[in-house]
Amino acid sequence: MVFDKYEDVRLHLVETLSLSKELLTKISNLFISSSEELFSKIQEGIKTENMTLLRESAHTLKGSSANIGGKRVQEIAYDLQIAAEKGETALCGELSEKLLNAIKNLQKILEKIASE
């Protein structure tokens with residue numbers, strides 16, 4: 001599985017967006033907490049077969065990860081959103097596992113960038 005890379009995310013946040021240390025820390029912390037909440041909603045949507053909740057949560061996660069340069073999380077969240085729209089519950093389960101790993105990787109990258 002391909003993950004987001006530290007260098008790419010750092011380039012996006014620090015150089016492209018020119019975020020201050022304080023703002024970078026706030027954005028990183030916000031993404032970490034919101035991604036955990038959104039992933040919980042995704043899991044709930046899968047468990048209860050609530051495709052609307054699943055699709056909307058994946059859509060929100062897709063956007064927030066794109067804003068911080070998390071392209072891999074964005075891609076998987078998009079695939080999950082489409083699978084939910086099609087009602088493909090088995091695929092949603094598979095994608096959620098990939099998404100969780102990608103989120104954890106991105107969270108570690110953000111923690112490292114924020115601590116620099």
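# A first look at this predicted model

Ser-18 is exposed, with 55% relative accessible area. That residue is a good place to start a tour of this structure, which is a predicted model. Ser-18 sits in the loop between H1 and H2, and its phi is near 50°, a positive value in a residue other than glycine. From there, the points below go to a second loop, then to the nonpolar core, two buried serines, the largest pocket and the salt bridges.

**Loops with a positive phi**

- Most residues other than glycine have a negative phi.
- Ser-18, in the loop between H1 and H2, has a positive phi near 50°.
- Glu-49 is not a glycine either, and its phi is positive at about 55°.
- You will find Glu-49 in the loop that lies between H2 and H3.
- Glu-49 counts as exposed because its relative accessibility is 58%, and exposed means over 50%.

**The largest nonpolar core**

- The largest nonpolar core has 29 residues, and the members that touch the most others are Leu-13, Leu-61, Leu-80 and Leu-99.
- Five helices each give two or more residues to this core: H1 (6–16), H2 (21–48), H3 (51–67), H4 (71–85) and H5 (89–114).
- Helix H5 supplies the largest share of the core, with 9 residues.
- Leu-99 is a helpful residue to click on: leaving aside residues up to four places away in sequence, Leu-99 touches Phe-39, Ile-42, Leu-61, Val-73, Ile-76, Ala-77 and Leu-80.
- Two of the contacts of Leu-99, Leu-61 and Leu-80, are also named among the core members that touch the most others.

**Two buried serines**

- Ser-96 belongs to helix H5.
- Ser-96 counts as buried because its relative accessibility is 9%, and buried means under 20%.
- Not counting residues up to four places away in sequence, Ser-96 is in touch with Phe-39, Ile-42 and Ile-46.
- Ser-57 is part of helix H3.
- With a relative accessibility of 4%, Ser-57 counts as buried too.
- The contacts of Ser-57, again not counting residues up to four places away in sequence, are Leu-38, Lys-41 and Ile-42.
- Ile-42 is therefore a residue to look for twice, as it touches Ser-96 and also Ser-57, which is buried at 4% relative accessibility.

**The largest pocket**

- The largest pocket holds about 190 Å³ of space.
- Its lining is made up of Val-2, Phe-3, Asp-4, Lys-5, Asp-8, His-12, Ala-66, Gly-69, Lys-71, Arg-72, Gln-74 and Glu-75.
- Helices H1 and H4 are the elements that give two or more residues to this lining.
- H4 gives the most to the lining, with 4 residues.
- By residue kind, the lining divides into 6 charged, 3 polar and 3 nonpolar residues.

**Salt bridges**

- The whole structure contains 6 salt bridges.
- Glu-22 and Lys-26 form one of them, with their closest N and O atoms 3.5 Å apart.
- Glu-22 and Lys-26 are separated by about one helical turn, because they are 4 residues apart in helix H2.
- Both partners count as exposed: Glu-22 has a relative accessibility of 55%, and Lys-26 has 53%.
- Another salt bridge joins the side chains of Glu-15 and Arg-10, at 3.8 Å from N to O.
- Glu-15 counts as partly exposed at 49% relative accessibility, and Arg-10 is partly exposed as well, at 26%.
- The side chains of Glu-56 and Arg-55 also meet in a salt bridge, with 4.0 Å from N to O.
- In that pair, Glu-56 is partly exposed at 42% relative accessibility, while Arg-55 is partly exposed with a relative accessible area of 27%.
- Salt bridges that share partners also tie Arg-10, Glu-15 and Glu-116 into one network.

Key. Residues numbered from 1 in each chain as written. Predicted model: local features only at pLDDT ≥ 70, side-chain atom pairs only at ≥ 80, totals over all residues. Heavy atoms only, no water. Core = buried A, V, L, I, M, F, W, Y, C linked by side-chain atoms within 4.5 Å. Buried < 20%, exposed > 50% of the residue type's maximum accessible area, 1.4 Å probe, protein only. Contact = heavy atoms within 4.5 Å. 1 Å grid on protein atoms, 1.4 Å probe; cavity = no way out; pocket = protein on both sides within 12 Å on 5 of 7 lines; lining within 4 Å. Points joined across faces, edges and corners; volume = space filled by probe spheres on them. Nonpolar A, V, L, I, M, F, W, Y, C, P; charged D, E, K, R; others polar.
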